[in-house]
Amino acid sequence: MDWFTICLNGLSLAAQSFLYMAFLCRLTGRRGRARQFALYLLLLSGIEAVFSAAGWGAPAAMAAALAALYAMSRLALRNRPVPSCTAALLAVYVFQMAAGMVNSVEAVFYPHVSKGLPLYVLIVLAVLVSIALCALCYGLVLRLLPLGEDEPNLGLLLLPGLFFLAVELYILETAYSRLSRSPEPPGRHLTLLALQALGLAALLCTLYAYRRACRGVRTQAELDLLSQSVQAQRTYVAEAQARYEKTRAFRHDLQNHLSVLDGLLSAGRTEEARRYLGKLEAASGALAPPCRTGEAAVDALLGEKLALAEARGIPAEVSLRLPEDGALDAFDLCVIFANALDNALRAVARAEGDPFLRVRGERQGDFYRLEFENSCAAGPPPEPGTGLRNIRAAAEKYGGAVAYEQSGGRFRLDVLLNISEQRNGCSGRSP
């Protein structure tokens with residue numbers, strides 16, 4: 001092997017490892033470090049040396065490079081399995097596709113180039129163009145697929161990516177494993193070029209369709225949030241109207257009640273007056289919501305959910321201290337409480353043993369923490385559903401986080417929200 005081949009292979013491996021790792025980091029939203037790039041270059045160089053010496057074909061070497069890239073994503077960048085596998089497949093396919101398209105053009109000119117300087121220029125130019133084309137295609141993929149770690153149904157891209165990679169590998173192995181210096185019809189190579197370009201277009205269309213599907217999922221989640229907001233407002237209006245009617249009736253009879261009290265006190269019947277006053281206090285207390293947080297919509301929502309719990313025989317305990325007005329939007333609070341309490345009531349209904357439901361909220365430094373705890377059936381925690389996704393979306397507005405755990409027949413959901421002010425609110429209990 002001459003120095004030209006050694007330098008050219010070194011350039012190709014360095015560019016390949018850099019493009020692989022840079023694409024992987026951008027696609028998964030991770031920040032790569034220089035030592036990670038150097039480590040993958042070392043792994044890729046070792047794979048190339050071992051497989052070349054052993055005489056193993058390109059498919060085995062490509063599979064090893066793919067496995068090494070997946071391992072770097074999982075171990076060095078701490079990505080989850082599905083994003084790691086998807087990003088690795090796309091990285092390898094796009095690089096090989098760019099090399100295959102350039103090989104199609106190179107094969108047309110190769111038989112007509114002598115062994116001197118023009119041949120070296122053609123080879124170097126082909127390597128540089130393939131690197132530039134690969135970087136361009138990576139940019140197109142990143143524009144269509146800003147993944148990160150939380151994209152829904154990411155595994156749907158695995159099978160199309162594997163198919164595109166297998167087709168490209170077949171083309172490279174059957175058509176360009178060895179370039180012949182004898183003239184060949186250029187139409188064959190141009191046909192392969194067109195097929196690979198169609199493969200790239202098919203990949204981009206697949207990614208575009210996936211992005212639109214993800215937007216549809218997010219739009220549906222936003223519609224669910226708006227629907228819950230409307231329901232919360234309807235609940236608040238209905239409860240406010242009912243309390244207004246009760247208050248008006250109570251005020252209408254208040255003069256009569258005062259007359260009765262005056263008569264009892266004038267007659268010296270103090271004990272009867274006290275008992276009558278106790279009944280008035282109970283009647284007036286029933287007009288107030290069971291929990292006063294300072295947010296009317298939240299009060300109405302909590303009243304509705306606590307009434308449901310009481311009707312089902314579920315002891316519910318609420319201890320809340322909401323932050324000062326403006327720190328948290330009532331709409332976001334209603335989304336969190338509605339989804340968390342609906343999930344909790346369903347879980348308690350399926351639980352065995354003594355049911356319970358607890359809601360706590362308090363400030364912790366610059367954060368406000370909500371904790372929902374309830375009894376549940378034994379077993380692993382359920383898969384995140386629409387309710388939990390809605391809670392997480394509301395928490396992310398405040399730079400917050402959501403965590404949950406289940407053990408020993410208990411389920412606990414923690415919601416952490418970033419705030420700066422607080423105001424003492426409600427501390428109440430329903431039987």
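## Ground rules and overall picture

Buried here means under 20% relative accessible area, exposed means over 50%, and partly exposed is what falls in between, with a 1.4 Å probe and protein chains only. This is a predicted model, where local features need pLDDT of at least 70, side-chain atom pairs count only at pLDDT 80 or more, and totals for chains, interfaces and linings use all residues. Residues are numbered from 1 along each chain as its sequence is written, and side-chain values use heavy atoms, with hydrogens and water left out.

With that settled, the chain has 431 residues, and 39% of them count as buried. Its secondary structure comes to eleven helices and six strands; these are DSSP runs numbered from the N terminus, H or I of at least four residues for helices and E of at least two for strands. The accessible surface is about 23600 Å², with 59% of that belonging to carbon and sulfur atoms, as given by the Shrake-Rupley method with a 1.4 Å probe, where only the protein chains shown count as cover for residues. As for contacts (heavy atoms within 4.5 Å), take those between residues at least 6 apart in sequence: 76% of them join residues at least 24 apart.

## Helices H1 and H4

Helix H1 covers residues 3-28, and at 1.5 Å a residue its 26 residues should span 38 Å; the end C-alpha atoms sit 37 Å apart, which agrees. The expected span is 1.5 Å times one less than the number of residues. Right after H1 comes Gly29, which takes a positive phi of about 75°.

H4 passes the check too: its 29 residues should span 42 Å, and the end C-alpha atoms are 43 Å apart, which agrees. This helix is mostly covered, with 22 of its 29 residues buried. Ahead of H4, in the loop that follows helix H3 (58-76), you'll find Arg78. Its phi is near 60°, a positive value in a residue other than glycine. Arg78 is exposed, because its relative accessible area is 62%.

## Thr86, inside H4

Thr86 lies in H4, which runs over residues 81-109. With a relative accessible area of 1%, Thr86 is buried. What does the side chain of Thr86 reach at 2.9 Å? That would be the backbone oxygen of Val82. The pair fits the idea of a polar contact: N or O atoms within 3.5 Å, where within protein one must be able to donate a hydrogen and the other to accept it, and residues adjacent in sequence count only if both atoms are side-chain atoms.

Further along the chain, and leaving aside neighbours within four places in sequence, Thr86 is in contact with Leu154, Leu157 and Leu158.

## Cysteines without partners

The structure holds zero disulfides, a disulfide being a pair of cysteine sulfur atoms within 2.5 Å. Cys134 is in none, and the nearest cysteine sulfur, on Cys137, is 6.9 Å away. Buried or exposed, where do the cysteines Cys134 and Cys7 fall? Cys134 is buried at 0% relative accessible area, whereas Cys7 is exposed at 51%.

## Salt bridges

Side chains of opposite charge can pair when their charged atoms come close. There are twelve salt bridges in the structure, each a side-chain nitrogen of Lys or Arg within 4 Å of a carboxyl oxygen of Asp or Glu. One of them joins Glu272 to Arg269, the closest N and O atoms being 2.6 Å apart. Both ends are partly exposed: Glu272 at 31% relative accessibility and Arg269 at 42%.

Over in the strands, Glu373 and Arg360 meet in a salt bridge at 3.6 Å, N to O. Glu373 is in strand S3 (residues 367-375) and Arg360 in strand S2 (residues 357-364), so this pair ties together parts 13 residues apart in sequence. Glu373 counts as buried at 14%, while Arg360 is partly exposed at 33%. Arg369 and Asp414 form another salt bridge, 3.0 Å from N to O. That one links distant parts of the chain, with Arg369 in S3 and Asp414 in strand S5 (residues 410-418), 45 residues apart. Arg369 is partly exposed at 23%, and Asp414 is buried at 16%. Through shared partners, salt bridges join Arg358, Arg360, Arg369, Glu371, Glu373, Glu405, Arg410, Arg412 and Asp414 into one network.
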